[in-house]
Amino acid sequence: MKRIYALEEWCIDCKRCEVACKVFHSKSKDPVKAFLYEQPKPRNRVRVEGNRTLSIAINCRHCPTAKCVEGCISGAMTRNPETGVVTSNPEKCVGCRTCVSMCPFGAVTIEEGPTHPIAFKCDLCGDELGVPGSPSCVAACPNRALIYVESEGN
Amino acid sequence: MAITTDYLIIGNSAAGLSAAEAIRKTDCEGSVLIVSREPYSAYGRPLISYLLEGKTTLDEIWLKPEEYYEENRLQRMLGPDFEVVQLLPEEHRALLAGGEAVEYGRCLLAAGSVPFVPPIEGLAEASNVFPFLTLDHALAAQEAAREAAALAAVEGRPSRCVVIGAGLIGLKAAEALCGYVDEVVVLEMAPRILPAVLDQEGADVLRQQLAQRGITCLPGITAQKVVVEEGCATACLLTTDELLPCDFIVAAVGVRPNSALAVDAGAVQGRGLVCDSQLRTSLPDVWAAGDLVQVTDAIDGSKRPLALWPVAMAQGAVAGASMAGAAEAPSYESAFAVNAVDFFDISLLTAGCINPPEDGSFTAVTEVDGDSYVKFVFRDGLLVGYILLNRPACGGIYTAIIENAIPVDQLDPAIFSAAPENLDFPPALRWARLHKFYPADRDRRGWKEGC
């Protein structure tokens, strides 16, 4: 499958990936509205670890044997067997944080949802669950510190 | 005429379904039959408290869409008639409660846990005492709570539910029922709540936070007797000799492996069914997965069941692959407990060894900061356990550090003082972790050879 890889050599901690992700996952698709006004708040699913001499963008690795899927008590977190994309169904998620306790990369967060807190994670900007789209973070990165390429595994 | 199947799966939850999925990855042809005494399609068993809270619905709790079973040709026989009452491993036969027999090729025992009923006088005879393990239990408790609230309102008094046992199940039941009755009181024989997953200090912090949200926990106190009037529990006589009136009781003292079927058939049992690394029991062509399996604890080497959802899923995958004769069958060696639980807006993640023996081989650091309580337990330069109360961010990174036995001295010491980061790992390990399946024709700058 195609995966996003972050290259810390080029990352300048600008967080444009976070902005692009949040805007893509907003209703308005407008940065000002997405950041200041929309409720519930749109959430970025990529997170830049920085504020030191290094920085790197972290998002879901779409693991072949995904621990978040293995741990999910509600059947919300699934890995599409054809595409390999791991997504969480907001309708089914109860926000128990088992995925948070299982993800080795810190790539899942629990944030306020429409009715209760639920899991948010990278969905590869697909139009529907389990189907990859064109990742906004990769398009927004000014330095090619994020690449979306065919990986060696499924 | 007997029902025949290549694979018989006894139990229709995490372990059974995970095994069925694994069987289908190797064997697309063999017939798979799932039997369970519960009349429902597989649901997220831990969801029952969330259902009562309205965080999920009876439309959403099912683990798989109905078409999944058809697409994967998984036959199901669900309901009391289909409970397996006797296993005859030598004959490869299972007898069902309804009188039918199933002839199978290979069998998986995945029937989970059954509630342990404590020997408290009066408890077993009262009709308004509910366990809290299944959907039916939860719906019955919900109905009792509604009736209690209505009756108490008429009588002009507060309605009260007593939960016996402040483990994960008891406290989740308490949280759920809090929305229905005026008072929820949780009794716990041990000196602290969540005795298996918290230490005393963390339990005290959580107990205060639960009290602010309407749940009264009484650690060190349990019921010595249940007062029963006309078949109904009306009060608990506490070990302090006080009488605590109640409208109904949830009994959540603990669970034990639902392994009687296998034990009666001659299977070797320790604290759970003894299995090899492929999760084969001592019976011929009988595997086991989930709560009823005895697991070797990866941290202290002790052997006991780990009745946890992710463990059941992982074991189901191993057992299913082995049953189907997968070429590269994975093996199951050991595990450690990882628990994630939330109460209202409180979050709690715990893993591994929480209360180390005081033999000098372990060290622990703890920190209280406002509402949060954090503990890390170390041994021989390795992280072996944690408590993260109200500091959940990126907790899985700590789980990975335990699982992969990453020496603590390789990590940035700051990793334990705030949310852990991938940048806290040394460069080579960080690259390896974050760049699995990285394209072979690109260098670490992302460039292709010669470009």
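**Exercise 1.** Where in chain A does Leu124(A) lie? Then work out what is unusual about its backbone.

*Solution.* Keep in mind that you're looking at a predicted model.
- Step one, place the residue: Leu124(A) sits in the loop between β7 (118–120) and α5 (136–140) of chain A.
- Step two, recall the usual rule: most residues other than glycine have a negative phi.
- Step three, check the angle: Leu124(A) isn't a glycine, yet its phi is positive, about 55°.
- Step four, check its surroundings: the relative accessible area of Leu124(A) is 2%, so it counts as buried.

**Exercise 2.** Take Ala405(B): is it buried, partly exposed or exposed?

*Solution.*
- Start with the location, the loop between α9 (395–403) and α10 (427–434) of chain B.
- Now the angle: Ala405(B) has a positive phi of about 45°, and it isn't a glycine either.
- Finally the accessibility: Ala405(B) comes out at 39%, so it is partly exposed.

**Exercise 3.** Find the loop that holds Pro40(A) and describe the peptide bond leading into this proline.

*Solution.*
- Pro40(A) belongs to the loop between α2 (31–36) and β2 (47–49) of chain A.
- Most peptide bonds are trans.
- The one from Gln39(A) to Pro40(A) is cis, with omega near -10°.

**Exercise 4.** How many disulfides are there over all chains? Test your count on two cysteines.

*Solution.*
- The cut-off you need is a pair of cysteine sulfur atoms within 2.5 Å.
- With that rule, the count is zero.
- Try Cys21(A): its nearest cysteine sulfur belongs to Cys125(A) and is 6.0 Å away, so there's no disulfide here.
- Cys21(A) is buried, at 7% relative accessible area.
- Now try Cys63(A): the nearest cysteine sulfur is that of Cys60(A), 6.3 Å away, and again there's no disulfide.
- Cys63(A) is partly exposed, with 22% relative accessible area.

**Exercise 5.** Arg61(A) is buried; which side chain of opposite charge is nearest to it, and what does Arg61(A) touch?

*Solution.*
- Look in the loop between β3 (56–58) and α3 (67–71) of chain A to find Arg61(A).
- The nearest side chain of opposite charge is Glu49(A), 11 Å away, and Arg61(A) has no salt bridge.
- A polar atom of the Arg61(A) side chain does lie 2.6 Å from the backbone oxygen of Ile4(A).
- Leaving out residues up to four places away in sequence, Arg61(A) touches Arg3(A), Ile4(A), Tyr5(A), Phe105(A) and, over in chain B, Leu434(B).

**Exercise 6.** How many residues of helix α5 (residues 168–178) of chain B are buried?

*Solution.*
- Go through the helix: the buried residues include Gly170(B), Lys172(B), Glu175(B) and Cys178(B).
- The full tally is nine of the eleven, so the helix is largely enclosed by the rest of the structure.

Terms used. Residues numbered from 1 in each chain as written. Chains lettered and ligands numbered in written order. Predicted model: local features only at pLDDT ≥ 70, side-chain atom pairs only at ≥ 80, totals over all residues. Heavy atoms only, no water. Buried < 20%, exposed > 50% of the residue type's maximum accessible area, 1.4 Å probe, protein only. Helix = DSSP H or I, 4+ residues; strand = E, 2+ residues; numbered from the N terminus. Lys, Arg positive; Asp, Glu negative; His and termini not counted. Salt bridge = Lys/Arg side-chain N within 4 Å of Asp/Glu carboxyl O. Polar contact = N/O pair within 3.5 Å; in protein donor to acceptor, adjacent residues only side chain to side chain. Contact = heavy atoms within 4.5 Å.
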